[in-house]
Amino acid sequence: MVRRILFLAILTGVLSLYGLPQIQILGNVVKPYTLREGGNLDSLLTQTAPGTAEALLIASDGTAVRLYRDTFAQIRIEPSNNGWESRGDNLPPVCDLNNIVAIAVERSNRIFALRLLDGLEETEVITPYAAVMKQFAIEGTSSRNGKYVTKYKSVASQWSIPADSTLVLDYKRPEYSLTGNVRFDRIRFTAQGDTVVGLWKNPPAESIYSLHGRIAPLMKEGPLLMIFVDSFGLRLRDHCKATGERFALLDYPLQPMRAAYPPVTAASYWAVGTGESYYLRGDRTTILSDILPANTNGIILEDSRPLYQAPVPVVANTDRNNNGTIDDDIYQAARAELDKGHQFMLVHFHSIDDAGHEFGPYSPERLARAREVSGYVDDLVQRWNGPVIVFSDHGMHDDGRHGGTHGISAIEDMLALWGRIK
Ligand SMILES: [Zn+2]
Ligand SMILES: [Zn+2]
């Protein structure tokens, strides 16, 4: 009876519709599914959670059996008197469970994993399936006809993780500090009702949000140049240094900085441009309106698709010389603006990001772009008369398919850079 209560805790929200209890498919899925019909486990999982590599069948008394893909076709899920049971064909008898209430699945598809970050490192990635497994202890492994299965027993009712004063990353809010626990709920981790995808202890003090607050004081010192080097994160900078690259960007006093979550250009650009969360922008599309009076002599130089408007002209650039990158065109446009007496200039270089997506975060192609952009940046820094800030919006990680991507709570994505150069 005690274990039955524990499982009611895991399976909050499961109600019987047809007299029979239902089986929840949980773990590494983006939506919880409910099985309403029995059948062969292989075909049931193919329909609801394709690509499942292993599964934990969970009975209401806390007994569970861990199965690998090569056994799925030999398991039948069938209705019995007042529940569902599993029966294995030519498998060890532990596969025969009564009153099955859930099947937790392990698969590598897009899921709500929880990443634990500490300082500049990522210490753990907990998948929803791993969180389920943390609630069970192994009882023994048995085999028959060369197929291995492992029996488990529940040990904890509610697995949770303390997050005292830790920065929380989630999908619906800007970063916030949490005192309390993050809990696991079937397919995701939650705090205060929201999905949590990251907990960050001892994060860098500067964030892309606080960078916004530096703009107005710097403009009091003189004409301000902001150089936005898209995707030039801490990991890329350190990789370039470690491999013996030598260019000006590597010598700048750039510090690690928290990207906005999700670590994508639109969210971080909005954060530095307004100091506010991308989620709360509503239908607003104008940045820097709290800083730049409408009559400011200034300019923003962008690639072919500017994301936001501003009180100063936002100028799009194209690959005018058709050499496969717009950054040299942006650099030329910036050079042409230098003697126009601007009080504010923001120059956004994008090719390091583009090359990273195409060739990978640490590819020679991306390093070559970084070297090239560094030359443009340093030339503008040397020529500018006034304070200069250089910053990036996020980093990038390997996408496992020879390219790069960003937008998750991985430490590589979350660590941007910033520095006052002049
Ligand atoms: Zn970006
Ligand atoms: Zn990108």
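These are my notebook entries on a predicted model of one protein chain with bound zinc.

**Entry 1: the whole chain**

I began with the overall picture. The C-alpha atoms of the chain fill a box of roughly 85 × 40 × 35 Å along the principal axes. I found 11 helices and 27 strands in the chain. How many of the 422 residues count as buried? The share is 54%. I also looked at contacts between residues at least 6 apart in sequence, and 65% of these join residues at least 24 apart.

**Entry 2: an open sheet with β2 and β11 at its edges**

Next I traced a sheet of 7 strands. It is open, its pairing is mixed, and the order reads β2-β1-β8-β4-β5-β12-β11. Which strands stand at the edges? They are β2 (33-35) and β11 (136-144); each has a single partner strand, so one side of each has no neighbour in the sheet. From one strand to the next, the twist averages 25 degrees.

Then I walked through some of the neighbours in this sheet. Strand β4 (residues 54-59) runs antiparallel to strand β8 (residues 100-106), and 6 bridges join them. I picked out A55 here, which stands opposite V105 in β8.

On to β5. β4 pairs with β5 in the antiparallel sense over 5 bridges, and L57 stands opposite V65 in β5. The two strands make a hairpin with 3 residues between them, where G62 takes a positive phi near 90 degrees.

Is β5 mostly covered or mostly open? Strand β5 (residues 63-68) is mostly covered, with 5 of its 6 residues buried. β5 also runs antiparallel to strand β12 (residues 147-154), to which 4 bridges join it. I met V65 again at this point: its bridge partner in β12 is K151.

**Entry 3: a second hairpin**

I looked up another hairpin for practice. Strand β9 (residues 114-118) pairs with strand β10 (residues 121-126) over 5 bridges, in the antiparallel sense. What is the bridge partner of L117 in β10? I found E122. The hairpin has 2 residues between its strands, and G119 in the turn has a positive phi of about 60 degrees.

**Entry 4: an open sheet with β20 and β22 at its edges**

Further along the chain I followed another open sheet of 7 strands, also with mixed pairing, in the order β20-β27-β24-β19-β23-β21-β22. β20 (255-258) and β22 (314-315) are the edge strands, each pairing on one side only. Here I came across a parallel pair: strand β19 (residues 224-229) and strand β24 (residues 388-391) are joined over 4 bridges. M226 has I389 as its bridge partner in β24. A helix also lies against this sheet: α5 (residues 234-242) packs on it, touching β20 and β27 (415-420), and the direction of α5 makes about 75 degrees with that of β27.

**Entry 5: two helices side by side**

I reminded myself that two packed helices are described by the angle between their axes and the distance between the axes. For helix α8 (residues 327-337) and helix α10 (residues 364-383), the angle is about 10 degrees and the axes are 10 Å apart. Why do I call α8 and α10 roughly parallel? Angles under 35 degrees count as roughly parallel, and therefore this pair qualifies. Where they meet, D327, D328, Y331, A334 and R335 come from α8, and V373, Y376, D379, L380 and R383 from α10.

**Entry 6: the zinc ion (ligand 2)**

I finished at a metal site. Which residues coordinate the zinc ion (ligand 2)? D353 does so through two OD atoms, and H357 and H406 each through NE2, at 2.1 to 2.5 Å. Along the chain these donors follow the spacing D-x3-H-x48-H. D353 and H357 are 4 residues apart in helix α9 (residues 351-359), which means they are separated by about one helical turn.

Is D353 buried or exposed? With 3% relative accessibility, D353 counts as buried, whereas H357, at 31%, is partly exposed.

I also checked the geometry. The 4 donor atoms subtend angles of 55 to 143 degrees around the zinc ion (ligand 2), so the arrangement is irregular. For four donors to count as tetrahedral, all angles would have to lie between 85 and 135 degrees. My last note is on the other zinc: 4.7 Å separate the zinc ion (ligand 2) from the zinc ion (ligand 1).

Conventions: Residues numbered from 1 in each chain as written. Chains lettered and ligands numbered in written order. Predicted model: local features only at pLDDT ≥ 70, side-chain atom pairs only at ≥ 80, totals over all residues. Heavy atoms only, no water. Pairing = 2+ DSSP bridges. Donors = N, O, S within 2.8 Å, 3.2 Å for Na, K, Ca; no water. Tetrahedral: all angles 85-135°; square planar, octahedral: opposite > 155°, others 65-115°. Buried < 20%, exposed > 50% of the residue type's maximum accessible area, 1.4 Å probe, protein only. Axes fitted to C-alpha atoms, helices over the stretch in contact; angles between N-to-C directions. Parallel < 35°, antiparallel > 145°, perpendicular 65-115°, else oblique. Contact = heavy atoms within 4.5 Å.
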